[in-house]
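Biologist: This one is new to me, so could you walk me through it? I'd like to know what sits behind each label you use.

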Amino acid sequence: MRPDAAPSKRTFRIRRALVFGCAAVLVVVLVVVGCAIGGVFGRGGTTGGTGGASTSSSSKGIGKTGKTAGAADGAKSDKKPEDRSADTSKSAAQSGAKAGKTGKPDADNDASALDKAAGTLTDAKRAVILKKAEEAAAASGKARVDLTYCVATKGKVGDLDTFATQAYEALNDTRGWPRAGVTFTQGDAADGNCDFTLILSEARYLPEYDAGCSAEYSCRVGDDVIINWDRWRTGTAGWLKAGGTLRRYREMAVNHEVGHRLGHIDNETPCAGDGKPAALMQQQSKGLNGCTPNEWPLDSELWTQ
Ligand SMILES: [Zn+2]
């Protein structure tokens with residue numbers, strides 16, 4: 001009996017051990033599985049939540065890529081020691097502008113894309129633009145003025161024609177100075193008949209035109225209207241953050257500086273209040289004072305001397 005009893009007791013113990021063992025294993029497995037499922041769901045929620053963060057971090061990634069690309073663009077096309085600070089502000093400004101917008105506006109914030117799109121204007125295209133400008137000027141009821149300007153570059157600032165195209169389009173835009181009766185024809189410096197010269201200049205040369213000109217901004221000295229190449233490529237961070245685009249900044253810079261040539265002075269019309277468009281002659285690069293970016297003369301600015 002005993003030997004029998006002993007094995008049967010042992011068998012019972014073994015069975016009990018097996019049962020409890022299995023149960024314990026089952027419990028462990030259930031806990032592990034439970035944790036795993038919980039973890040997945042928990043993380044799923046976080047992923048959903050991070051979905052936004054993930055999106056923004058991937059857009060941060062895109063921003064970074066854009067920044068890198070921007071820096072690379074700058075490095076490959078226009079690298080020079082004087083532009084280091086401007087390159088930094090370009091990265092900041094452009095990534096800021098890119099982060100807030102998607103799709104189409106990016107092209108309007110990309111200096112290379114703008115230059116590429118501008119290309120060279122054919123005479124036929126110039127004629128079409130000028131005709132519209134002349135119609136707007138005639139409709140303005142103001143005294144008609146047609147100014148011939150020449151275009152030049154100073155230093156290494158890229159292609160003259162792409163600058164000339166964008167300047168011509170900005171100056172003769174029917175929302176611009178034509179509303180004050182003024183139209184613009186691009187002339188040839190060799191003919192010596194330039195009413196003024198529009199110059200795209202490396203930033204470092206700006207103070208050479210006049211002690212009052214800063215390497216930071218564009219300037220007008222007599223019949224020289226000088227566009228600062230750093231600003232041409234990057235705008236200003238504040239202006240872009242306020243919703244402007246680089247394309248519009250370029251139009252603003254050209255129209256503002258030529259506005260000086262027409263007799264206007266800086267800040268002759270202060271910002272009319274938060275959210276109102278800035279006057280063209282407001283020094284928008286230095287601050288918008290609550291106004292919104294604006295590249296065209298306000299109704300109150302539609303005069304020339
Ligand atoms: Zn000014």
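**Labels and cut-offs**

Modeller: Let's start with Asp173, which is in contact (heavy atoms within 4.5 Å) with Pro178 and Trp296, once neighbours within four places in sequence are set aside. Keep in mind that this is a predicted model, where local features need pLDDT of at least 70, side-chain atom pairs count only at pLDDT 80 or more, and totals for chains, interfaces and linings use all residues. Residues are numbered from 1 along each chain as its sequence is written, and side-chain values use heavy atoms, with hydrogens and water left out.

Biologist: Why is Asp173 called buried?

Modeller: Buried means under 20% relative accessible area, exposed means over 50%, and partly exposed is in between, using a 1.4 Å probe and protein chains only. Asp173 comes in at 15%, so it counts as buried. Across the protein, 36% of the 305 residues are buried.

Biologist: Which label does Thr120 get, buried or exposed?

Modeller: Thr120 has 52% relative accessibility, so it is exposed. It lies in the loop between α4 and α5 (123-140), and it touches Asp161 and Thr165, not counting residues up to four places away in sequence. Its C-alpha is also 8.0 Å from that of Ala164, 44 residues apart in sequence.

Biologist: You say α4 and α5. What makes something a helix or a strand here?

Modeller: They are DSSP runs numbered from the N terminus: H or I with at least four residues for a helix, E with at least two for a strand. The protein has ten helices and five strands. Strand β1, for instance, covers residues 145-154, and Val145 belongs to it.

Biologist: Why is Val145 called partly exposed?

Modeller: Its relative accessible area is 26%, which falls in between the two limits, so partly exposed is the label. Leaving aside neighbours within four places, Val145 is in contact with Gly181, Val182, Thr183 and Thr304. The C-alpha atoms of Val145 and Phe184 are 8.5 Å apart, with their positions 39 residues apart along the chain.

Biologist: And Val157, buried or exposed?

Modeller: Val157 is at 4%, so buried. It sits in the loop between β1 and α6 (160-171), in contact with Leu200, Ser201, Glu202 and Trp229 when neighbours within four places are left out.

Biologist: How do you know that α4 and α10 are roughly perpendicular?

Modeller: Angles under 35 degrees count as roughly parallel, over 145 as roughly antiparallel, 65 to 115 as roughly perpendicular and the rest as oblique. The axes are lines fitted to C-alpha atoms, for helices over the stretch in contact, with angles from 0 to 180 degrees between N-to-C directions. Helix α4 (residues 111-118) packs on α10 at about 70°, with the axes 10 Å apart, so the two are roughly perpendicular. Ala111, Leu114 and Asp115 of α4 meet Leu246, Arg247 and Arg250 of α10.

Biologist: What makes those residues nonpolar or charged?

Modeller: Ala, Val, Leu, Ile, Met, Phe, Trp, Tyr, Cys and Pro count as nonpolar, Asp, Glu, Lys and Arg as charged, and the others, Gly among them, as polar. That gives three nonpolar, no polar and three charged residues for α4 with α10.

Biologist: What about α4 and α6?

Modeller: Their angle is about 85° and their axes are 8 Å apart, so roughly perpendicular applies here as well. That contact has two nonpolar, three polar and one charged residues.

Biologist: What makes the link between Glu295 and Arg248 a polar contact?

Modeller: A polar contact is a pair of N or O atoms within 3.5 Å; within protein, one must be able to donate a hydrogen and the other to accept it, and residues adjacent in sequence count only if both atoms are side-chain atoms. The side chains of Glu295 and Arg248 make theirs at 2.7 Å. Glu295 is buried, since its relative accessible area is 6%.

Biologist: Last one: which residues hold the zinc ion?

Modeller: His256 (NE2), His260 (NE2) and Asp266 (OD) coordinate the zinc ion at 2.0 Å. Donors are N, O and S atoms within 2.8 Å of the metal (3.2 Å for Na, K and Ca), and sites may look incomplete because water is not among the atoms. The spacing of these donors is H-x3-H-x5-D. His260 is buried at 11%, while Asp266 is partly exposed at 30%.
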